Amino acid sequence: MASPIIFSVFFLSTFLLIFLSSVHRSYSEILLLPLTHSLSTTQFNSTHHLLKSIATRSASRFQRNRRAQQVSLPLFPGSDFTISLSLGSNPPQNVSLYMDTGSDLVWFPCHPFQCILCEGKYYPDEISNPGPLNLPASAAPVSCKSRACSAAHDDRLSSPDLCTVARCPLERIATSDCAGFSCPPFNYAYGDGNLNASLYTDNLSIPMSASSMTLRNFTFGCAHSALAEPIGVAGFGRGVLSLPEQLADFSPQLGNQFSYCLVPRSYYNPVRRPSPLILGRYSVNENEKQLGEFQAEFTYTPMLDNPIYPNFYIVGLEAVSVGKRRVAAPESLKRVDSDGNGGMLVDSGTTLTILPTELYQSVVREFAHRVGRVHKRASQIENSTGLSPCYYLGDDSADDVAKVPAVVLHFVGNSSVALPRSNYFYQFLDGGDEGKGKRKVGCVMLLNGGDDADERGTVGTLGNYQQQGFEVVYDLENRRVGFARRKCASLWDSLNQR
């Protein structure tokens with residue numbers, strides 16, 4: 001007969017094996033979230049108005065990032081895509097936040113919430129549960145001694161200085177005994193607005209199709225006042241306060257990589273299918289490869305470090321092929337210098353891709369050579385939309401498409417991404433009343449970012465419009481960004497059925 005000790009050891013070992021196996025399985029699973037496109041077409045009275053708004057917002061987001069002598073600011077949110085998260089318990093409160101790879105703070109608007117200059121910033125019919133929420137009773141203030149407090153204050157103040165502001169007595173500061181004092185309120189500035197917030201920790205639930213995952217002691221900002229920022233933001237940047245970084249503390253397998261696949265959209269035929277946001281890594285079996293959903297392999301380009309904007313995802317662009325001509329990018333677009341200038345930002349919150357003037361003009365000349373020689377330039381459309389060049393097209397759609405040159409982006413690391421024509425050449429009907437007299441127009445969906453020597457920061461942006469139909473992966477562990485052609489709606493269905 002086995003002794004009680006042997007039996008107990010055997011039972012304990014078996015229990016631990018089963019427990020650890022279950023932990024491994026749960027942590028190795030991906031988190032699949034739906035991204036919802038938040039742009040409302042009802043707020044625009046014409047296609048011109050819509051396109052003008054998109055171009056203006058993209059240019060503003062880019063230029064505010066490049067202002068001379070500017071301190072390191074996150075990009076302003078106003079993203080095209082939202083995710084839904086739940087905060088607290090008894091009961092949890094559901095809130096929609098902008099998903100933004102250009103910032104690193106997760107914050108919620110909290111009662112009472114005052115937002116100045118926020119009229120027209122969002123439309124309630126397009127964003128469900130925008131808040132504000134009630135600060136949960138279970139929420140705990142973050143200590144002034146914490147790393148999170150220093151990060152919220154942009155690391156400008158040391159822990160002793162922050163605890164001094166928090167009114168920790170001098171004798172307790174001297175003995176590092178200020179853990180019970182709360183992190184002082186902080187100001188978080190975006191490109192076109194800012195907010196005042198305090199840091200707390202509480203349970204954050206990430207809804208999934210079957211259940212939810214809860215991150216305990218998740219650090220977030222609670223804002224009671226904001227300027228031009230009515231919706232909270234889920235920052236996916238590289239900082240310690242970002243959602244991926246905090247998820248990595250909970251499970252490295254889930255937090256060290258995320259990707260999204262944006263379902264291609266037509267602005268006046270709204271897409272109702274969700275775009276998948278994937279936290280973690282997923283494997284593909286042979287059967288799935290044969291079905292065709294995952295045949296395209298990722299092509300990777302390394303992330304570039306930036307001493308001024310350390311939280312941004314920046315890559316190097318070597319060239320752009322337009323048709324058969326390969327146009328070399330300026331040196332400033334290939335690398336980041338010691339002052340933090342250069343490179344291309346990969347951004348989920350900017351709609352249109354922006355190129356420096358020299359490269360943009362070279363691309364435009366190729367379009368003029370291929371398209372402009374057979375179609376009339378639509379200068380009036382360019383003035384009203386902010387896009388250029390635009391052309392009046394004929395009735396033969398196949399012939400018109402054939403004349404639009406192919407565009408390939410060549411990134412550092414021998415990584416090339418061939419864009420579908422719909423990702424850079426937008427066609428629509430213009431003019432006429434009640435369907436009469438309308439003319440087909442096509443516009444290049446790229447913007448001129450300028451080449452002002454007095455400005456600083458990145459010199460180009462890869463916008464989300466050009467990312468449509470690709471799974472874009474941010475591999476934080478290996479410090480690289482990857483692209484793979486996908487049918488994004490089918491990818492959602494495939495992963496959602498696992």
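The exercises below treat one helix, one sheet and two charge-over-ring placements in a predicted model.

In this predicted model, local features need pLDDT of at least 70 and side-chain atom pairs count only at pLDDT 80 or more, whereas totals for chains, interfaces and linings use all residues. Residues are numbered from 1 along each chain as its sequence is written, and side-chain values use heavy atoms, with hydrogens and water left out.

**Exercise 1.** Determine whether Gln246 is buried or exposed, and which residues it touches.

Solution. Start with the location, which is helix 6, helices being DSSP runs of H or I with at least four residues, and strands runs of E with at least two, numbered from the N terminus. Next, Gln246 has 11% relative accessibility and therefore counts as buried (under 20% relative accessible area, with exposed over 50% and partly exposed in between, for a 1.4 Å probe and protein chains only). Finally, leaving out residues up to four places away in sequence, Gln246 touches Phe218, Thr219, Val240 and Leu241, where contact means heavy atoms within 4.5 Å.

**Exercise 2.** Find which strands stand at the edges of the sheet with the order 15-14-19-20.

Solution. The sheet is open, with 4 strands and antiparallel pairing, and two strands pair if DSSP finds at least two bridges between them. Strand 15 (325-328) and strand 20 (415-419) each have a single partner strand, so one side of each lacks a neighbour in the sheet.

**Exercise 3.** Identify which ring lies under Arg480 and which under Arg486.

Solution. The criterion requires NZ of Lys or CZ of Arg within 6 Å of the ring centre and within 35 degrees of the ring normal. Arg480 lies over the face of Tyr300 at 3.6 Å from the ring centre, and the charged end of Arg486 sits over the ring of Phe298, 5.3 Å from its centre.
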